[in-house]
Amino acid sequence: MSEPLVSITENAQDYLRDLLSKQNNPGVGVRIFVERPGTPHAECCMAYCPPGEEDDADVRYEYEGFHAWIEGKSVKYLEDAVIDYKKIDLGVQ
């Protein structure tokens, strides 16, 4: 298994494991992709990915307790990306 393309901090992994455990859907993971890549309006997105909803071009990476699918066409935009989770006074970020 290769090293994950996207680094997910321990805090973010804890948060994702908790969210995924509440989905009542065994095998559900997350799918990470970029909307409007290569533009000033590019945005990194994450969504639930139930089994079978991944695309053939997606790349699967394993994290402790869950997996993530990286959209195939977004791979080149997500190299060295870091996903973090922080609680702040006004909510989460």
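In the predicted model, Asp-55 occupies the loop that connects strand E3 (43-49) with strand E4 (59-63). With a relative accessibility of 42%, Asp-55 is classed as partly exposed. The side chain of this residue reaches the backbone nitrogen of Ala-57 at a distance of 2.9 Å. Asp-55 and Gly-72 are 17 residues apart along the chain, and their C-alpha atoms are separated by 8.0 Å.

Glu-71 is located in the loop between strand E5 (66-70) and helix H2 (75-78). The relative accessibility of Glu-71 is 10%, and the residue is therefore assigned to the buried class, for which the cut-off is under 20%. The side chain of Glu-71 is joined to that of Ser-74 by a polar contact of 2.4 Å. When residues up to four places away in sequence are disregarded, Glu-71 touches Arg-31, Ile-32, Phe-33, Val-34 and Asp-58. Strand E2 is assigned to residues 29-35, and strand E4 to residues 59-63.

Positive phi values were computed for two residues other than glycine. For Asn-24, phi is near 55°; this residue is placed in the loop between helix H1 (10-21) and strand E2 (29-35). Asn-24 counts as exposed because its relative accessibility, 75%, satisfies the criterion of over 50%. For Asp-80, which is likewise not a glycine, phi is about 65°. Asp-80 lies in the loop between H2 and strand E6 (82-83), and a relative accessibility of 71% places Asp-80 in the exposed class.

The cysteine residues were examined for disulfide formation, and a search of the whole structure returned zero disulfides. Cys-45 takes part in no disulfide, the nearest cysteine sulfur being that of Cys-44 at 6.5 Å. Because a disulfide requires a pair of cysteine sulfur atoms within 2.5 Å, the separation of 6.5 Å does not qualify. Cys-49 is also in no disulfide; in this case the nearest cysteine sulfur belongs to Cys-45 and is 14 Å away. Both residues are buried: the relative accessible area is 15% for Cys-45 and 2% for Cys-49.

Technical notes
Residues numbered from 1 in each chain as written. Predicted model: local features only at pLDDT ≥ 70, side-chain atom pairs only at ≥ 80, totals over all residues. Heavy atoms only, no water. Helix = DSSP H or I, 4+ residues; strand = E, 2+ residues; numbered from the N terminus. Buried < 20%, exposed > 50% of the residue type's maximum accessible area, 1.4 Å probe, protein only. Polar contact = N/O pair within 3.5 Å; in protein donor to acceptor, adjacent residues only side chain to side chain. Contact = heavy atoms within 4.5 Å.
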